[in-house]
Amino acid sequence: MKYPFELFKEEVKNFIRASLRELGCEGEVKIETPPAGKGDLSFACFPFSKLLKKPPEKIADEIASRFKESKWISKVVSENGYVNFFVNEKRLAQATIDIIKKLDESYGSLEKKHKKVIIEHTSANPTGPLHVGRARNPILGDTLVRIYRFAGYDVEVQFYVDDMGKQVAALAWGIKNIDPATLTPPSRDKPDHYFVRFYQKAYQLMQEKEEVNREISKIVKECEGGNEEILKMIEKAYMKVLDGIKQSLERLDIRFDRFVVESTFVKNGSVAKVVEALIKSGYARKENGAWYIDMKPFGIGDKRFYFVRSDGTTLYATRDIAYHLWKAERADMLINVLGEDHKLEAKQVEIALKILGAKVLPKVVFYSFITLPGGKMSTRKGRVVYLDDLIDEAMERAYEEVRKRRVDLSDERLKKIAEAVATGCVRYNIIRIQPEKDIVFKWEDALNFEGNSAPFIQYAHARACSILRKEKIEREEEIDATLLEHEQEIKLIKLLAGFPEVVNDACESNRPNLVANYLFDVASQFNQFYRDCPVLRAGDENLKRARLALVDCTRITLRNGLQLLGIKALEEM
RNA sequence: GGACCCGUAGCCUAGCCUGGAUAGGGCGACAGCCUCCUAAGCUGUAGAUCGCGGGUUCGAAUCCCGCCGGGUCCGCCA
């Protein structure tokens with residue numbers, strides 16, 4: 001099934017290809033979007049100027065003059081070396097509104113790819129609560145999950161649990177050896193906040209006392225040896241913290257299909273196989289009993305990638321390779337969401353996977369950490385804003401705002417709305433920005449409820465719902481969309497028609513921020529339509545039905561898009 | 001020091017991958033709009049050497065090189 005705008009685009013491409021062939025040349029046909037008012041699609045003739053030995057204006061003229069008539073193209077104009085194509089607006093309006101009404105919740109979704117994708121995200125050390133510095137990871141990851149599913153992929157979401165590092169070992173040691181009475185009270189009644197204190201204290205003691213350091217190191221070593229008893233003890237410790245992390249993410253509607261535990265790959269021998277295979281590959285060198293791969297031939301400067309220590313134990317990256325081989329056997333595509341501090345490790349894993357002939361290599365989406373105006377967040381230094389605190393603060397602010405506006409609603413209803421606004425706001429303000437861009441955390445930005453924000457989009461959706469509550473429109477109702485001729489109606493329809501392409505682009509390029517930008521545009525255009533085109537008081541009954549349908553289609557598109565961002569589409573606010 | 005990322009109005013940001021027609025938005029500022037479908041909205045004004053300098057090109061915010069500023073990494077840590 002093809003979407004209307006796609007059909008228009010294909011027709012334009014075919015027309016250009018045929019025209020160029022007649023003019024005597026072939027070439028990549030690159031279609032672009034012209035500035036407002038100059039058409040709906042355009043084609044630049046400059047690159048063909050040399051080939052055809054004609055000025056671009058002439059080529060554009062010749063192509064444009066070849067146009068007679070067609071289904072989707074209403075007009076072709078030559079201007080300054082460009083060929084501008086105008087869509088048949090009435091046809092687009094009718095086709096777009098028909099298809100949105102018909103597909104409803106699946107409008108914008110793409111055809112089934114019959115491909116399995118494993119998306120790994122968050123994978124935070126389960127030693128304490130998530131803080132805002134890392135909050136981009138789950139939000140990016142979960143949004144990608146939603147987009148990939150909508151784009152037709154079969155997605156499994158995984159959280160890789162590190163149960164073998166010094167961090168979890170410190171946590172486990174702390175819980176076992178520290179008297180809770182000596183700790184400051186937890187910042188809130190939640191397991192991750194409760195247990196992080198043991199981790200913090202243990203970490204501090206580890207640096208102060210050599211014996212503590214030795215004990216914790218011993219735990220780590222036992223884990224690497226696959227000591228079941230010690231691993232069980234560690235599991236008991238981190239599981240509670242992980243529960244707390246899950247609770248926080250649940251508030252943002254973020255869930256996982258599977259938690260994959262690192263030690264699994266030590267226990268089942270796959271890490272040993274990785275080591276063996278790497279040694280046999282011919283790329284490995286030995287030094288003082290430790291094994292490494294020289295990364296210079298792979299273009300990574302003068303770096304060594306150690307995968308076995310001199311005592312024979314493996315490293316984090318080594319185990320990560322085993323994990324990735326396991327994933328590669330189970331999926332057609334792998335996506336990882338990682339902080340930019342993992343760039344080198346990701347490169348090491350990738351090189352190893354290539355050496356070992358992995359079927360699938362992961363595509364990694366890196367993001368920059370969110371920092372505080374004074375610098376990096378640090379749990380241990382107490383310079384930190386927890387995700388829970390951010391959500392709570394957003395909730396309070398949102399509650400105040402709703403209460404100010406809606407004296408008519410019950411407190412229960414107000415809280416529901418506030419929650420949707422707050423969590424939407426948190427997700428939106430993070431997802432709307434390109435992952436690689438630095439974000440300096442400021443409360444006023446994070447809790448922005450106006451302009452380019454989640455509530456702005458939710459508000460447009462609520463407005464649409466409000467109109468539709470007053471006058472119903474049935475899915476089956478035949479409407480005459482050709483009556484929609486107002487400039488704002490046309491603008492809105494064209495924008496709605498572009499949704500599937502946005503989904504496709506966001507998915508293919510792993511840029512969820514495209515969806516956020518798009519929804520802001522739709523909401524903004526809808527607000528302008530709302531200003532210019534009365535719906536319930538449209539006068540003409542057929543026009544009213546058509547406008548109602550357009551409102552309904554906007555509602556559907558906004559809702560589907562918000563769904564992709566994990567933001568609740570409110571019916572009133 | 002080396003590698004990678006970022007640098008667009010007072011602040012935040014889109015566009016950069018795939019070069020193209022006057023660089024879009026938002027916040028904040030200023031001036032307006034609720035007898036009318038929710039003003040979390042709308043309109044208008046002011047505000048940009050697209051970090052700097054070269055190069056490639058008919059054409060550069062976009063590609064290449066150098067520099068400056070900020071971040072990340074450079075461990076037999078995770």
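**The surface near RNA strand B and the packing of sheets and helices**

Helix α17 makes the greatest contribution to the surface near RNA strand B, with eight residues. The structure analysed here is a predicted model. In this model, 71 residues surround RNA strand B, and the closest are Tyr82, Asp162, Gln434, Tyr459 and Ser466. Several further elements take part in this surface. At least two residues each are supplied by α2 (47-52), β4 (82-87), α12 (316-328), α13 (343-355), α14 (387-405), α17 (454-470) and α20 (513-532). By residue class, the surface near RNA strand B comprises 27 nonpolar, 14 polar and 30 charged residues.

On the side of the nucleic acid, sugar or phosphate accounts for 67% of the atoms of RNA strand B within 4 Å of the protein, and bases account for the rest. Individual side chains illustrate contacts to the backbone of the strand. In the side chain of Ser466, an N or O atom is placed 2.3 Å from a phosphate oxygen of RNA strand B. Sugar or linking oxygens of RNA strand B are approached by Arg531, with a polar side-chain atom at 2.8 Å, and by Lys303, with a polar side-chain atom at 3.1 Å.

Strand β4, one of the elements supplying the surface near RNA strand B, also belongs to an open sheet of four strands. The order of this sheet is β1-β2-β4-β3, and its pairing is antiparallel. The edges are occupied by β1 (31-32) and β3, each of which has a single partner strand, so one side of each is left without a neighbour in the sheet. Between β3 (residues 73-79) and β4, the antiparallel pairing extends over six bridges. Within this pair, Ser78 has Val83 of β4 as its bridge partner, and Glu79 stands opposite Tyr82 of β4. Tyr82 is also listed among the residues closest to RNA strand B. The two strands form a hairpin with two residues between them, and in the turn Asn80 adopts a positive phi of about 50°. Helix α3 (residues 56-65) lies across β2 (41-44), β3 and β4, and its direction is at about 160° to β3.

A second open sheet contains three strands in the order β8-β9-β10, again with antiparallel pairing. Here β8 (284-287) and β10 (304-308) stand at the edges with a single partner strand each, so one side of each lacks a neighbour in the sheet. Neighbouring strands of this sheet are turned against each other by 40° on average when direction is ignored. The antiparallel pairing of β8 with β9 (residues 290-294) comprises four bridges, and Arg285 is found opposite Tyr292 of β9. Helix α11 (residues 270-280) packs on the sheet and touches β8, β9 and β10, with its direction at about 135° to that of β10.

Packing between helices is exemplified by α5 (residues 136-150) and α21 (residues 541-564), whose axes lie 8 Å apart and enclose an angle of about 130°. Because of this angle, α5 is oblique to α21. The contact involves Thr143, Arg146, Ile147 and Phe150 of α5, together with Asn560, Gln563 and Leu564 of α21. Three of the contact residues are nonpolar, three are polar and one is charged.

Conventions
Residues are numbered from 1 along each chain as its sequence is written. Chains are lettered from A and ligands numbered from 1 in the order in which they are written. This is a predicted model: local features need pLDDT of at least 70, side-chain atom pairs count only at pLDDT 80 or more; totals for chains, interfaces and linings use all residues. Side-chain values use heavy atoms; hydrogens and water are left out. A residue is near a molecule or strand if one of its heavy atoms lies within 4 Å of it. A polar contact is a pair of N or O atoms within 3.5 Å; within protein, one must be able to donate a hydrogen and the other to accept it, and residues adjacent in sequence count only if both atoms are side-chain atoms. Ala, Val, Leu, Ile, Met, Phe, Trp, Tyr, Cys and Pro count as nonpolar, Asp, Glu, Lys and Arg as charged, and the others, Gly among them, as polar. Two strands pair if DSSP finds at least two bridges between them. Axes are lines fitted to C-alpha atoms, for helices over the stretch in contact, and angles run from 0 to 180 degrees between N-to-C directions. Angles under 35 degrees count as roughly parallel, over 145 as roughly antiparallel, 65 to 115 as roughly perpendicular and the rest as oblique. Contact means heavy atoms within 4.5 Å.
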